[in-house]
Structure formats: C-alpha cells, structure tokens
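Student: I would like to go through this structure and ask what the terms rest on.
Tutor: Here it is; we begin with the ligand.

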Amino acid sequence: MKESHRDKIVVIGAGNVGEAIAYTLMVRVQANDIVLVDLNEDRAEGAALDIAHGTSFFKQVWVRKGGYEECANAQIIIITAGIARKPGQTRLDLAKTNVSIVKSITRNIMKFAENPLILVVSNPADVTTAAVYKESGLPSGRVIGSGTSLDTARFRYILSEKLHVNVEDINAYILGEHGDSQVPIFSSANIGGFPLYDYAQQVGITLDEEEIAHRTKDGGAEVIKLKGATFYGIAMAVSNIVETIMKDDDAILPVAHVLDESFEEWAGVAVSLPCRIGWDGIEQTLRIPMNEKEKADMDKSVDILRAFTEQVIGS
Ligand SMILES: NC(=O)C1=CN([C@@H]2O[C@H](COP(=O)(O)OP(=O)(O)OC[C@H]3O[C@@H](n4cnc5c(N)ncnc54)[C@H](O)[C@@H]3O)[C@@H](O)[C@H]2O)C=CC1
Ligand SMILES: CC(=O)C(=O)O
C-alpha cells in the first residue's frame, strides 16, 4: 500500500507505555502505519522492529521509527514521553519535568501538523493535557487526555470481581483527577441495566464503597510496587479511545479535556467526565447524575487540579 493511503498513528515516547500502545494497536489492526518517535532513537527503532517482526502473524501493518515530520498526515498523535513515576513518588511530583517535555513535543508536532488530534498519556495526565491544549492552540475537543479511562477500567474490574458478573455488564465511572482525588460514581452505576445496589441486593452481596474506591485509586501504585511500572492497562485504555476515533463510533468514554464556560466553576480545568467521542475528537461532554457527596468530591477534585495546574503551567 502506498504511504499516502495508510491510516497513520504516531506514538511519541517509545518507553514501556509507548511500546505497549504500539503493540496493542498493531495486534488489533487499528492503523496500518504505526510510527514511534523518541529522543532515544535506538529505543524507538528497537521497539518498532520487535513489534514489526511479529506482523506476519496478523495483518499488514507497518511499525517503524520516525521523526516529527510524520505528524503531518497522522490521524492521531499519542504523547507518552516523560519520566515514569517511581515507587513512593506522587504523580504530582513529576509535573514540572513532564509538562516541559510535553510542551516541547507539542511545539514540534505543531511545526508539521495543521489540525492534529492529540491524545495525552504522560503523567500527571490532566495537567499535561492542559499544557498541550494551551501550547497547541487547538480546540479543547482535539486534545484528549487518557484521564480516568484506566481508573474506570480498574473500577469495573474490581466491581466485576466483587459481584461475580461479566465486566462487560458493568457501567460505572471514575471521574475527576487521574490521581488521588479521583471520584468513583457509585450512585448512577448499573449492572446490566440494573441500578448497582438493586443488583447487589438481589444477588445478596454487600459492597464496601470505601474499600473499592481505595483499591481502585491504588491500582497503579500496587502494580508499580510489584513490577516497577504499569503499561498494559493503559495501552488497552488508549486502544479503546483510538478505536472509537478511528471508527467514528460515538462511544462514551471517561476522558479528560479542558472544560468550557458552560461548566461554570469547573471551566478551564482539564478533568475527566464522560464524553461522546468520534472522528473529530470529543463531540459532547456529558453531565452524569451524582449524589451530593459525589458532586462535592468532584468540586474538590477540580479545585485540586485547578490549583496544581496553575502552579505548574500558569493560569
Ligand atoms: N495516564 C496513565 O494512565 C498512565 C501514564 N503513564 C505515564 O506515561 C509516561 C511514560 O511512562 P513509561 O513509558 O513507563 O516511561 P519510560 O521511561 O519507559 O519511557 C518514557 C520514554 O519517553 C522518552 N522521552 C523522554 N523525553 C522525551 C522527549 N522530549 N521526546 C521524546 N521522547 C522522550 C524516553 O526516552 C523514554 O523512552 C510516564 O509519564 C508515566 O507516568 C504510565 C501509565 C499509565
Ligand atoms: C502510572 C499510572 O498513572 C497508573 O497506572 O495509573
């Protein structure tokens, strides 16, 4: 296939996360041209070759190392470059370094791409999303942070374990910060269409909200403590976002973007809410019913993110 006819995705940062994303995109054939860009060119080339060697078991997908000029005609650009969180270190400790990395990457992307769709994964993911939005000048719906998509996946996984039910039957969100102030929305969660607590009562299971929230929030730290880094979970979360964009299928996913004025006291902050996503990025931001405690926790999460974002990148 001619290069000009390929569906191209550029992944910037070919470390654990970038490599796992490229692998997942290849296996699921979500693009037929996957380009890895990294400051460490050997790392990008090695990762690309390792994945490319396996393509004969799947479909024709080009996986290769490249430079920023590849962004010119990419359908999606995914930023994963940065410094990974060390055991015991908070996500927020890393903010200043990673924000300056994603800002310089954004300037490089914008040299070549006219109206790119950028997906931001580097931590702290909400603050880096705000930084890329500001630096790029793009509409906020075209700068999507992976936000609480991974936390939501962890929440659903834990609920499926507790309730002994297929994870696909669980509709429940973690919203707010991808971090310590994240908010589990229990009040509007449903299991196969049944309100969560109706379902739990019918199957005779008592849920401990605090324990579930705690396990969800600590999911990343738990894996980091055990094996040093998380990368498969985020790769699958990103692949899910990529799928809805590439297929233009209007799925509703919990992702971060900078909220507009209609969100009043939350406006101007990059934070996760359920969003309808398609080819142009975020098409609609949805307001999910919350009880009073959840709403108060969301207000707190937004306040924390606003204060921190201002501290790191200015208002
Ligand atoms: N949002 C989420 O849910 C998750 C986010 N992360 C974050 O993803 C980021 C990457 O994590 P890992 O891949 O494990 O780290 P890693 O250290 O394995 O890889 C980072 C890569 O970025 C590259 N890099 C650094 N500066 C660069 C620059 N200016 N331009 C191009 N490449 C550059 C490095 O050479 C390295 O290959 C971290 O910030 C981590 O905290 C990780 C897991 C989940
Ligand atoms: C590292 C990280 O952000 C996570 O696994 O949630």
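Tutor: In this predicted model, 31 residues surround ligand 1, and Gly15, Val17, Ala81, Gly82 and Asn123 come nearest. Helix H1 (16-27) and helix H3 (95-112) are the elements that give two or more residues to that shell, and H3 gives the largest share, four residues.
Student: What makes a residue count as near a molecule?
Tutor: Its C-beta atom, placed from the backbone, must lie within 6 Å of the molecule. Local features need pLDDT of at least 70 and side-chain atom pairs pLDDT 80 or more, while totals for chains, interfaces and linings use all residues. Residues are numbered from 1 along each chain as its sequence is written, and chains are lettered from A and ligands numbered from 1 in the order in which they are written.
Student: Why is isoleucine 224 called partly exposed?
Tutor: Isoleucine 224 has 18 other C-beta atoms within 10 Å. Buried takes 20 or more and exposed 12 or fewer, with partly exposed in between, so isoleucine 224 is partly exposed.
Student: Where does isoleucine 224 lie?
Tutor: In helix H8 (residues 219-227); helices (H or I, at least four residues) and strands (E, at least two) are DSSP runs, numbered from the N terminus.
Student: How do you know that strand E1 (residues 8-12) pairs with E4?
Tutor: Pairing requires at least two DSSP bridges. E1 and E4 have four and run parallel; isoleucine 9 has isoleucine 76 as its bridge partner in E4.
Student: How many bridges link E4 and strand E5 (residues 118-120)?
Tutor: Three, in the parallel sense, with isoleucine 78 opposite leucine 119 in E5.
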